[in-house]
Amino acid sequence: MYKYSDFDAAFVAERNRQFRGQVERRLSGALTEDEFRPLRLMNGLYLQLHAYMLRVAIPYGTLNSAQMRQLAYIADRWDKGYGHFTTRQNIQYNWPKLKDVPDILDALGEVQMHAIQTSGNTIRNVTADHFAGAAADEIEDPRPVAELIRQWSTDHPEFQFLPRKFKIAVTGSPNDRAVTRANDIGIRTIRNDKGEPGYEVLVGGGLGRTPMIARVIRDFLPKADLLPYLEAILSTYNLMGRRDNKYKARIKITVFENGLDAFRDAVEEKFATYRSQFGGADQALLAEIAAAFAPPAFRNAPVDAYDAALAADAAFRTWAGTNLSAHRNDSHAIVTISLKAHGETPGDASSDQMRLLADLADAYGYGELRISHEQNVILPHVHKSDLPVLFARLQQAGLATANAGLLSDIIACPGMDYCTLATARSIPVAQKLALHFKALGLEEEIGALKIKISGCINACGHHHVGHIGILGLDRAGVENYQVTLGGDHTENAAIGERAGPGFAYDEIVPAIERLLRAYLAERNGPSETFIDTYRRLGPAPFKAALYPAEAEDRDAA
Amino acid sequence: MSRRYIPKVVTANDLVEGDVVYQTADDRWSRHHHEAELIEDEAHAQLRLLNASAQKQVVVGPYLADAKAGPNGPEPIHFREAFRTRGPSNYVHGKQEFAARENENV
Ligand code: HEM
Ligand code: SF4
């Protein structure tokens, strides 16, 4: 794992010292809220509905066990004993007191973490495939490049006042698990005709008010050209992007309004200059960083215990079927630990759970952990012979829910339970859906399904790219939930289509049940997933199920 | 004819704790909605908001929220304001946590 250099450590310590002074001046009244707000946001501190919220970056979703223990310690010492993992691979603390935040930042600094650039019009925490360095389908580990981008973008003087926030995601596999197409810049590792690795660069993706799927700006970029090319995109956007209207300020609008070709021409022109200016220093740094991400020495041992447990234990078999993924080393597996126990808040982990996860990572996972954008925890490298005992220990702690990729593995934003911008709640909708379908016993039968819920148009819950998206709105002072269908978060990313009028809080779960019963009735057997069935049939049968009264009216007419 | 003015309360978040607070008629900040001053007049509401905004060392982000009279004092109208009087719905945290403790002590 990457370790802070002396420079990094001194930089973070200095920033924390400055922020401590800023908090003191705010508390003494020397700074007004208008003066303080941008300063606190630069350090990831928001004010939410009921309290402050501190957003801490988990760069490219990678944590070691010591960091996880520290996150648990912070939750106990200064918050309410839990943390919330988010779709952008951050952890949010929902209840810090303003006066404690400098101490929390120092505690984070002790384990080489911080909250810098988790807010504001800067380049945000770079996200990556949560299976990075482990996935069987991987061309290259995306994290060294993500770390390189992080070092380049952190405190980059030219990019501290961009027209708007800027999000970059990197994936090293053809199967996109990092939602690269919904980011301002998506970087996909690919091979060219000669078999050399390089990048497909995507630009202008984003959700929110105006959802757009990123488009290819460069179909093959040699690896060594990445930073100068990113610098060219950012500086083009910095000049061309609109600052007159917040809703038109993201790069997706810049690309859309100017046209991809004109935007690309401007980028290529700058790139020609920057390329020679970089002069290879970045590549020397990248080589150093890459060494820090060398995989652990994978243990070589028989996997009989795993095979035996698969044969003997039905619960283990079910969990293995949903929560394990193929590792590049045959005798290992990637373990997804679900933070979506039915009825719990998606993405929340208690401090006890965090400590247990850290212990399990040490015992069975080479000390490594990942946070996925789907709000789960990953143990990236577990020897198969350790899986039965790992499963047993997860079961004891209520962390063995076998639902990864199923209906109840829901992404939900904090919504109106926490967020000041929310127009409706999202967490209780996720809780009710999970409990309802568990009670019906239909979850396994329904199979692979992505439900994603946002509490307002900002789309932090990725509803646009959910197979079923749910958007909470305020309709004349009442919570109302709009359904979108057919979204896709993978390399085939697509924006879902609005199905029709929204549903009241009490109607949304029954509506989703009608929708999924229609799917069960229409599908060509259990191997045809919801999204495949939707693609084959189009929205009509699903809309008819969502709005039966209207269908009856039509029939009667 | 002008529409009837919807009564207001002045609400904000406490600077240090972040907790939701309400301005009372005797110029305190209460944690309880029902202790807020219910303001029935638009001009007076603006004055009270100015008064709140001047207290930069005490509260953050004061604004006027719609409210109505109830048996124990002002009650929120919009569901967002109702949530702010309680806390989140997924855990007994925030104001409802204190309310639960107070009830235990009875
Ligand atoms: C309560 C704190 C939060 C606030 C104030 C907030 C605010 C916002 C805003 C204003 C946007 C729209 C940005 C734009 O269109 O330029 C946005 C987008 C987004 N937020 Fe949040 N958010 C919060 C919490 C979260 C959480 C908890 C997550 C993860 C679960 C998250 C993930 C995202 C993502 C992925 C987007 C991307 C949508 C896009 O591509 O534009 N946010 N957020
Ligand atoms: S989608 Fe809206 S409600 Fe949900 S976290 Fe984002 S800004 Fe808040």
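1. A word on vocabulary to begin: Ala, Val, Leu, Ile, Met, Phe, Trp, Tyr, Cys and Pro count as nonpolar, Asp, Glu, Lys and Arg as charged, and the others, Gly among them, as polar. With that in hand, the shell around ligand 1 divides into 8 nonpolar, 9 polar and 6 charged residues. Please keep in mind that this is a predicted model.

2. Staying with ligand 1, which residues come nearest? Of the 23 residues around this ligand, they are A:Gln48, A:Thr87, A:Lys165, A:Leu207 and A:Cys460.

3. Some polar approaches to ligand 1 are worth a look on screen. An oxygen atom of the ligand sits 2.8 Å from a polar backbone atom of A:Leu207. Two arginine side chains also take part: an N or O atom of A:Arg250 is 2.9 Å from a ligand oxygen, and for A:Arg164 the corresponding distance is 3.2 Å.

4. Now to ligand 2. How many charged residues does the shell around ligand 2 have? There are no charged residues in that shell, which divides into 8 nonpolar and 4 polar. Four cysteines, A:Cys413, A:Cys419, A:Cys456 and A:Cys460, belong to the surroundings of ligand 2. The other residues there are A:Pro414, A:Gly415, A:Leu421, A:Ala422, A:Ser454, A:Gly455, A:Asn458 and A:Ala459. You may recognise A:Cys460 from the residues that come nearest to ligand 1.

5. On to the meeting of the two chains. Chain A brings 35 residues to the contact and chain B brings 25. Between them an area of about 2500 Å² is buried, with carbon and sulfur atoms giving 59% of that area.

6. What links the chains through charge? The count between chain B and chain A is 2 salt bridges. One of the contacts of this kind joins the side chains of A:Lys80 and B:Glu97, at 3.0 Å from N to O. Across the same interface there are 12 residue pairs in polar contact, both partners being at pLDDT 80 or more.

7. Which elements of chain B supply the side that touches chain A? At least two residues each come from β1 (8–14), β4 (59–68) and α2 (79–86). The largest share is that of α2(B), with 4 residues. By type, this side of chain B divides into 9 nonpolar, 9 polar and 7 charged residues.

8. Finally, the aromatic side chains. Over all chains the structure holds 20 aromatic pairs. In one of them, A:Tyr306 and A:Phe316 meet edge-to-face, 6.1 Å centre to centre and with 80 degrees between the planes. A:Tyr306 belongs to helix α10 (residues 304–312) and A:Phe316 to helix α11 (residues 314–323) of chain A, so this pair ties together parts 10 residues apart in sequence.

How values were computed
Residues numbered from 1 in each chain as written. Chains lettered and ligands numbered in written order. Predicted model: local features only at pLDDT ≥ 70, side-chain atom pairs only at ≥ 80, totals over all residues. Heavy atoms only, no water. Contact = heavy atoms within 4.5 Å. Buried area = accessible area lost by both parts, 1.4 Å probe. Salt bridge = Lys/Arg side-chain N within 4 Å of Asp/Glu carboxyl O. Polar contact = N/O pair within 3.5 Å; in protein donor to acceptor, adjacent residues only side chain to side chain. Near = heavy atom within 4 Å. Phe/Tyr/Trp six-rings, centres within 6.5 Å; stacked < 30°, edge-to-face > 60°.
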